[in-house]
Amino acid sequence: MEVAKRLQGVGEYYFSQKLREIDELNKQGKNIVNLGIGSPDLPPHPDVVKVLFGEAQKPNVHGYQNYKGSPVLRKAFADWYQHWYGVALNADTEVLPLIGSKEGIMHICMTYLNEGDAVLVPNPGYPTYRSNVTIAGGVCIDYDLKEENNYQPDFEAIEAADLSKVKLFFVNYPQMPTGQQPDKQVFEKLIAFARKHSILIVHDNPYSFILNEEPTSLLSIEGAKDVVIELNSLSKSHNMAGWRVGVLCGAAERINEVLRFKSNMDSGMFLPLQLAAAKALTLGKDWHDEVNAIYRERREKVFQLLDLLGAVYSKNQVGMFVWAKIPAGYKDGYAIADDVLYKANVFITPGGIFGSAGDEYIRISLCGSVERFDEAIKRIKAGL
Ligand SMILES: Cc1ncc(COP(=O)(O)O)c(C=O)c1O
């Protein structure tokens, strides 16, 4: 069967394909240590699970839900934004719960892009921006994030391109995969840039609580709501990746525009899950401190592992991964990742999957126990 033209140039998601290969290797008894994917292995707070369990036992919570999400969850998101980011949002009009922020990226592309419209995407960056723009008929214009520029956009270089067709600008700080922290001055420049070129910025903000002392929203910059919509997620901050809870925040007009598409795509989330997510959003600093203490310990192990490989990295990174430059002697990140996979039975992510600017890098996820990292270190010592 011939697939639609919109899928031309869009392959199966890298991890979906690679995890099949890892399954095969596991069937052969290799017991691969998977340090690739950023799916939190730690559980949500027990009170969150308790709310889900208690609510699910009620007889009247199993129907379709409001397309805009439960008012309880919308209010919880608005309160969360006020508390942590200092951003005031109207819970009724400026908050749209999502089934994970990944689906929000697609909704936004389908809402705003006509065939041939251009979108600025980070290179390296989350591959979903690129694939969703393409599926929606848009054209990606990469903007490089370079180490020597602290992985910040080079506005002069961006302005040198033809921006006449650009409608959207994907931005993500803390940045995945580079671990770069947000910078308020850069945020201000972004707002000015978007105003100047009449571009809508989509800020993707799922990592602001992971190993990051100062959660920051691009919406906290003055005047941001005119030109910014922001995605957020409970996947990483609350160890709820499989629950699929995210949010889109922004001006009421933007929320209504995206809802026109989204309400034709899905029929909302299970109410007990929304109420449990609202509970998660009330968790305090002690929750994040506890989770981060675990990630910090793991990160020390990742540094040891990278030292063993001879990779070079900054200790200043935030988020759920460590980004590192490969040692000389390897052609690219794919070559070292394959070497580590086939000789040591450890899976790490080649940086090239995040764009060509990531070719000389690898990314290691912090989503594994200290024992798994010790095992990976032992295998690399023995195998390479
Ligand atoms: C930068 C970035 N944005 C969005 C997502 C998707 O998160 P969610 O689970 O909310 O769909 C991820 C997941 O890995 C990510 O790394």
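The exchange below covers the sheets, the helices on them and the domain contact of a predicted model.

Residues are numbered from 1 along each chain as its sequence is written, and side-chain values use heavy atoms, with hydrogens and water left out. In this predicted model, local features need pLDDT of at least 70 and side-chain atom pairs count only at pLDDT 80 or more, while totals for chains, interfaces and linings use all residues.

Me: Why is the contact between arginine 296 and glutamate 213 called a salt bridge?
Reply: The term requires a side-chain nitrogen of Lys or Arg within 4 Å of a carboxyl oxygen of Asp or Glu. The closest N and O atoms of arginine 296 and glutamate 213 are 3.6 Å apart, so the pair qualifies. Between domain 1 and domain 2 the count is one salt bridge.

Me: What makes up domain 1 and domain 2?
Reply: The domain assignment, which is automatic or from a database, gives 5-43 + 285-383 as domain 1 and 60-280 as domain 2. Their C-alpha centres lie 25 Å apart. The contact (heavy atoms within 4.5 Å) takes 35 residues from domain 1 and 34 residues from domain 2.

Me: What is the area that domain 1 and domain 2 bury between them?
Reply: About 2,800 Å², with 59% of it on carbon and sulfur atoms. Buried area is the accessible area (1.4 Å probe) that two parts lose on being put together, summed over both. His288, Val318 and Phe354 supply 22% of the area that domain 1 buries against domain 2, more than any other three residues.

Me: Why do strand 9 and strand 10 count as paired?
Reply: Strands (E, at least two residues) and helices (H or I, at least four) are DSSP runs, numbered from the N terminus. Two strands pair if DSSP finds at least two bridges between them. Strand 9 and strand 10 (residues 321-325) have two bridges, in the antiparallel sense, so they meet the definition.

Me: Which strands stand at the edges of the open sheet with the order 2-8-7-6-5-3-4, and why?
Reply: This sheet of seven strands has mixed pairing. Strand 2 (95-98) and strand 4 (139-144) each have a single partner strand, so one side of each lacks a neighbour in the sheet. The twist averages 20° from one strand to the next.

Me: What makes the angle between helix 3 and strand 2 about 110°?
Reply: Axes are lines fitted to C-alpha atoms, for helices over the stretch in contact, and angles run from 0 to 180 degrees between N-to-C directions. On that basis helix 3 (residues 71-85) runs at about 110° to strand 2, lying across strand 2, strand 7 (228-233) and strand 8 (246-249).
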